[in-house]
Amino acid sequence: MHDDRTLVEARLRRVLDERIRPAVYPESVPLEVAVWHAPGEPVPVAEGLAAEPEPIEAGARWGAPWGTSWFRVTGSVPEAWAGRTVEALLDLGFDENMPGFQCEGLVYRPDGTPVKGLNPRNQWVRIGAPVAGGEEVRLHIEAASNPVILDYHPFRPTPLGDKDTAGGEPQYTLARMDLAVFDENVWQLVMDLEVLGELMAELPVESPRRWDILRAVDRALDAVDLQDVNATAGRARRQLGGVLSAPAVPSAHRLSAVGHAHIDSAWLWPLRETVRKVARTVSNMTALLEDEPDFVFAMSQAQQWAWVKEHRPEVWARVKEAVAEGRFVPAGGMWVESDTNMPGSEAMARQFVHGKRFFLDEFGVENEEAWLPDTFGFAAGLPQIIKAAGSKWLLTQKISWSQTNRFPHHTFHWEGIDGTRVFTHFPPVDTYNCSMKGGEIAHAVRNFRDKGRARHSLAPTGWGDGGGGTTREMVAKAARLRDLEGSATVRWETPRAFFERAEAEYAEAPVWVGELYLELHRATLTSQARTKQGNRHCEHLLREAELWAATAAVRTGFAYPYEELDRIWKTVLLHQFHDILPGSSIAWVHREARATYERLTAELTAVIDAAQRALAGEGTAPLLFNSAPHARHGVPAGGAATPQAPGTDTRTRREDGGFTLDNGRLRVTVDARGLVVSAYDPAADREAIAPGTAANLLQLHPDLPNMWDAWDVDSFYRNTVTDLTGAESVTAGEDQASVRIVRTFGSSRVTQLLSLPPGERRLVIDTEVDWHETEKFLKLAFPLDLHAERYASETQFGHVFRPTHTNTSWEAARFEACNHRFVHLEEPGWGVAVVNDSTYGHDVTRAVRADGDRGTTTTVRVSLLRAPRFPDPETDQGVHRFRHALVLGATVGDAVREGWRINLPERRTTGAGAVDPLVTVDDDAVVVTAVKLADDGSGDVVVRFHEAHGGRARATLTAGFAFTDVTATDLLERPLAGARPGIREGERITVCLRPFELVTLRFGRP
């Protein structure tokens, strides 16, 4: 037989595009359209419906950037269409290649009832099936003219990312606005041919199945009268029945489809637009659920559910009905799909507390899966947090984006720093926007790394990022793939059903230990420094507010601000979304974030001040409130007392124009360049700075990654570096133990204050940068005379070790990493910590000195600032302030303590006398991360703590208040079955902890 394969395949493409798809809507009449452009921000639905619009025609330009236009479409169904299915085709000017990234709309009936959303892949609204003929049609469209930020030429700077700079030029051209007959038989033929054509293209050319499909398609195309497709579509479909009914082989891969619309809570649009994106998507999905009995849709991010409840009650009513049916599924159990690298211990815990509690309170649903398809890597402390929240599974696919190494598993047990394991799945379809194309399904099968041991995977199905969700076309394709020879089998299932099936199938899945590092998007640890600082500072202010409010409530009857703290926590958690905290959103998002953090700072400071005033009472005794989990200046953790007098210190001028700072415990030499050329620990007789080098060295790199400007830093940035050694001035500071340095470079200026606190083994470095560079990366370097093959970085409820070498491609790819409050390096018996108050990104490298002692120089570099121009062309321009400290002779316990100290500055006031802590712990290895009143308003005291040094700990907690009982709980403050809170003796509880073990105790109060 002659090989005519390519001829038939080309024929299929042309006939589908030019004849069959257009025949889906064989007849149409135009609708009358009028529009009202809302001034400023979006208006309530009632106002939009009541506004008086002006006529507009197809082809007219509309929609200033970030504007809202209310379209009214009216018409009547022709009498001749009686008995047929009729739909409105409402094209606002869509580009079908950009679902979720451009204009969108939500359709309403005149009474304000939402119908469904409009987006580039979902432009229809059902009018009737069948119609009687003569019906009057009147619909309203709330249309958002969101500008395209990520265009066909991506990553180009644009002013469109903020309404303040976007201008008023119309963004879209109104297109087809018609009533049309919908020929379902032709539409079904399109689905048949698309599924078979896509499947055929994925099968081996020599496969008999491919040729069976080819011949059936050829016969079907012969059966179509190209001059009358509608009359002959049924005849063509009958030619395809045999190949569509051939069942899958018994060994076929099994794919669980989960309806999905990953909606970024902010990204290339502001938070306020996400509220509307969610409403549009949810309206679409509830409508699709009514039409498709097998379909299941899952939506994560409790915040987005809460937005629907608050802002769109008419949509919320439909959501509640769909959830009650079990087919609209709350997923993930987190407040938002947050970043997991940078949020602190308590914040990461509260993501689950607030997320799970919302779904429990609203629907009685207990989520057991963490659902994070798009998060940029996963911190090693996360498994314990997932388990402590009562969950046990994790889903993500983002690791498939790694540039260097291919992850070895798709289904596995992930083990965290404390030994906790969670069953984890990476969908091999490698997208959270699966559209049921044959290429996607075939890729999932080929890509699945666990063949021979497991054969089940999940496919999140629907348009996402900017929303939209699953379409009727995706559902139709899934129906054909349910049991089809040559393909994986497809079933709509809930996340729970998938995980139960997969875990039962693969109980002995392999284990991955430690962080799940994404070998991409490393610069998100640095971009938008003010957003990161706002997050860090608010996390610690929340700790203080809860601690002092709880202490004051127990001690004085102070009114604990339950509602205020709940609201503030949810706001902070929202801003930990994986495109806000990482700094990868448009300028509008970060402008609003800065204002939000300023407001929250003021609110939390007011709570702290009020609680401390209640505790201090009237008096003139000097008091230091210590909210850190370790004693300092003689003041116990969580208490207040008169601080001890500090030691003495000296500063001497050097002949070279530099200074020496010496407090008896640490001697620091600053040369005339303002660089630290010596940091000497007298007790250990040990020099920290590597020979021939200098610390406090600012280094500037060019920084233009190949893609994803705000997200990425590529390894070649290191090829070029400028050491900023020139100083405009090096002068004495205002006190006796500080040096002030001023530098200028490019268009920027840096002012530093190096301070040596009395009696401390730490050099404090305050850095102010007036930053006006673009596409540059600023680092602060500390070359240390230390031989260390690994170092510790703080993460949630502990620390993770990373190698300093690059023996393997996995280690080489980890050239920028995350830490919370500290990085710690040590040789046996002596170490150094670098602690910070608001930075996350860093790198650690090692080199062997060729001359002299041939020792090892291990360099810690803190990432301070970047200046990408996409998606915010003015990223981080302006003044920034950072605080770091170099701690000598530091154990990991010292690093923990100093990290807390620098983030929780002492608060001084006057009062009647000392304030005793609510809870004390007799072992510094056990760190209390939260002291608060129980969320249920009972007045019980909740204390959360963990082992922080990485070893075993036996500690005694002493409660400074009367309590009736103590219970070990999960993060949601629910009793843990079979868990013992420790051994109680009066007001003391003795606990034994494993390395990094997390414990929550609830103390019942009389």
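**Stop 1: a cis proline**

Select Pro130, which sits in the loop between β9 and β10. This is a predicted model. Look at the bond that leads into Pro130 from Ala129: the peptide is cis, with omega near 0°.

Now jump to a second case. Select Phe870 and Pro871. A cis peptide bond joins them too, and omega is about 5°. Pro871 lies in the loop between β43 (856–866) and β44 (878–888).

**Stop 2: the sheet that holds β9**

Go back to β9 and show its sheet. In what order do the 4 strands of this open sheet run? The order is β1-β12-β6-β9, and the pairing is antiparallel. β1 (28–30) and β9 (124–128) are the edge strands, each paired on one side only. Neighbouring strands are turned by 25° against each other on average, direction ignored.

Next, select β6 (residues 86–90) and β12 (residues 177–181). These two strands run antiparallel and are joined by 5 bridges. To find your place, pick Val86: Val181 in β12 stands opposite.

**Stop 3: strand β5 and its partners**

Select β5, residues 67–76. Is this strand mostly covered or mostly open? It is mostly covered, with 7 of its 10 residues buried.

Add β2 (residues 32–38). β2 and β5 pair in the antiparallel sense over 7 bridges. Here Val33 faces Val73 in β5.

Then add β10 (residues 136–145). β10 and β5 run antiparallel, joined by 10 bridges. Pick Ser69 and you will find Ala143 of β10 opposite. While you look along these strands, keep one rule in mind: in a regular strand, side chains alternate between the two faces of the sheet.

**Stop 4: two residues with positive phi**

Leave β10 and move into the loop between β10 and β11 (172–173), where Phe155 is found. Its phi is near 70°, a positive value in a residue other than glycine. Why does Phe155 count as buried? Its relative accessible area is 14%, and buried means under 20%.

Asp465 is another such residue, again with a positive phi near 70°. Find Asp465 in the loop between β20 (456–461) and α12 (472–480). Asp465 is buried as well, because its relative accessible area is 10%, under the 20% cut-off.

**Stop 5: an exposed proline**

Select Pro250, in the loop between α5 (229–245) and β13 (254–259). Buried or exposed? Pro250 is exposed: its relative accessible area is 76%, and the cut-off for exposed is over 50%.

Now add Asp483. Pro250 and Asp483 are 233 residues apart in sequence, yet their C-alpha atoms are 10.0 Å apart in space.

**Stop 6: helices α6 and α7**

Select α6. This helix has 21 residues and reaches 31 Å from its first C-alpha to its last, close to the 30 Å expected at 1.5 Å a residue. Since 19 of its 21 residues are buried, α6 is largely enclosed by the rest of the structure.

Add α7. Two packed helices are described by the angle between their axes and the distance between the axes. The axes of α6 (residues 271–291) and α7 (residues 302–311) come within 9 Å and cross at roughly 85°. That makes α6 roughly perpendicular to α7.

Which residues make the contact? Show the side chains:

- From α6: Leu271, Thr274, Val275, Val278 and Val282.
- From α7: Gln304, Trp307, Val308 and His311.

This contact set divides into 6 nonpolar, 3 polar and no charged residues.

**Stop 7: two more covered helices**

Select α9 (residues 345–363). Its 19 residues should span 27 Å at 1.5 Å a residue; the end C-alpha atoms are 28 Å apart, which agrees. α9 is mostly covered, with 15 of its 19 residues buried. Gly364 follows α9, with a positive phi near 70°.

Now try α14 (residues 529–556). Its 28 residues should span 40 Å at 1.5 Å a residue, and its end C-alpha atoms are 39 Å apart, which agrees. α14 is mostly covered: 24 of its 28 residues are buried. Just after α14, Gly557 takes a positive phi of about 80°.

**Stop 8: another open sheet**

Finish at the open sheet of 4 strands ordered β46-β49-β52-β51, with antiparallel pairing. β46 (919–921) and β51 (983–985) are its edge strands, each pairing on one side only. The twist averages 25° from one strand to the next. Zoom in on β46 and β49 (residues 953–959), which pair in the antiparallel sense over 3 bridges. Val919 stands opposite Ala959 of β49.

How values were computed: Residues numbered from 1 in each chain as written. Heavy atoms only, no water. Buried < 20%, exposed > 50% of the residue type's maximum accessible area, 1.4 Å probe, protein only. Expected span 1.5 Å × (residues − 1). Pairing = 2+ DSSP bridges. Axes fitted to C-alpha atoms, helices over the stretch in contact; angles between N-to-C directions. Parallel < 35°, antiparallel > 145°, perpendicular 65-115°, else oblique. Contact = heavy atoms within 4.5 Å. Nonpolar A, V, L, I, M, F, W, Y, C, P; charged D, E, K, R; others polar.
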